[in-house]
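Me: I would like to go through this structure and test the labels against their cut-offs. Please show it first.

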Amino acid sequence: ISIGARTSIQDGTVIHCTADLATVIGDDCVVGHNAHLEGCTIEPHCLIGSGSVVLHRVVVRSGALVGAGALVPNDTEVPSRAMALGVPCKIREDAVADGAYQYAVDKYVQNGHWYRAELRRELGEGFITTVARRGYQFVADVHTVTAEPVRDATDAEHRGSPASPAS
């Protein structure tokens with residue numbers, strides 16, 4: 001699974017791959033809440049609507065849109081600047097203006113910077129300490145905040161937590 005820079009993956013989204021099929025999401029994309037992406041390629045500057053399902057070997061070309069709730073079946077190609085709408089999806093070519101989602105990308109990047117600066121204050125030291133004691137560290141970049149297992153003793157010593165997650 002690969003997720004590009006400045007891409008927003010919203011709550012409840014499932015990103016899955018198989019032993020044979022990677023899932024790749026390009027730069028400057030917005031993937032809406034509860035979307036399901038599996039073994040597909042999303043090129044840069046795309047919007048994947050909330051609740052949509054994008055399946056194996058699908059390629060969503062740069063600047064395209066998958067509508068909310070759409071089902072994009074196996075082996076479909078959504079052309080650049082096209083919309084994929086419905087169940088199963090129908091393609092509307094040349095329906096998306098260039099740069100149509102840039103405002104959303106910019107807003108999520110701005111939010112990411114804000115979350116990074118304010119995370120400790122908003123969650124509180126007690127929460128951060130509890131998670132650290134369980135062997136996790138917070139990792140924040142411009143679009144994601146996750147708790148990840150501590151990977152080496154140096155990291156654990158820095159935070160005073162165990163070198164591996166507690167069972």
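Me: Start with contacts. What share of those between residues at least 6 apart in sequence join residues at least 24 apart?
Reply: In this predicted model, the share is 14%. The chain has three helices and 17 strands.

Me: How much of the chain is buried?
Reply: Of the 167 residues, 35% are buried. The exposed area of the chain is about 9,200 Å², with 52% of that from carbon and sulfur atoms.

Me: How many salt bridges does a search of the whole structure find?
Reply: It finds six.

Me: Why is the pair Glu-43 and Arg-61 called a salt bridge?
Reply: The closest N and O atoms of Glu-43 and Arg-61 are 2.5 Å apart. The cut-off is 4 Å between a side-chain nitrogen of Lys or Arg and a carboxyl oxygen of Asp or Glu. The pair therefore qualifies.

Me: What makes Arg-61 partly exposed?
Reply: Its relative accessible area is 27%. Buried needs under 20% and exposed over 50%, so a value in between is partly exposed.

Me: How do you know that Asp-75 and Arg-57 form a salt bridge?
Reply: Their closest N and O atoms are 2.6 Å apart. The limit is 4 Å, so the pair counts.

Me: Why does this pair tie together parts that are apart in sequence?
Reply: Asp-75 lies in the loop between strand S12 (71-72) and strand S13 (77-78), and Arg-57 in the loop between strand S9 (53-54) and S10, so the parts joined are 18 residues apart in sequence.

Me: Why do Asp-75 and Arg-57 get separate labels?
Reply: Asp-75 has 53% relative accessibility, so it is exposed. Arg-57 has 41%, so it is partly exposed.

Me: What makes Asp-98 and Arg-81 a salt bridge?
Reply: The N to O distance between their side chains is 3.4 Å. That is within 4 Å, so the definition is met.

Me: Where do the two residues sit?
Reply: Asp-98 is in the loop between strand S15 (90-92) and helix H1 (102-123). Arg-81 is in the loop between S13 and strand S14 (83-85). They are 17 residues apart.

Me: Why is Asp-98 called exposed?
Reply: Its relative accessible area is 68%, and the label needs over 50%, so exposed fits. Arg-81 stands at 30%, so it counts as partly exposed.

Me: Which residues are joined into one network?
Reply: Glu-43, Arg-61 and Glu-77, through salt bridges that share partners.

Notes
Residues numbered from 1 in each chain as written. Predicted model: local features only at pLDDT ≥ 70, side-chain atom pairs only at ≥ 80, totals over all residues. Heavy atoms only, no water. Helix = DSSP H or I, 4+ residues; strand = E, 2+ residues; numbered from the N terminus. Buried < 20%, exposed > 50% of the residue type's maximum accessible area, 1.4 Å probe, protein only. Contact = heavy atoms within 4.5 Å. Areas by Shrake-Rupley, 256 points an atom, 1.4 Å probe, with all protein chains shown as cover.
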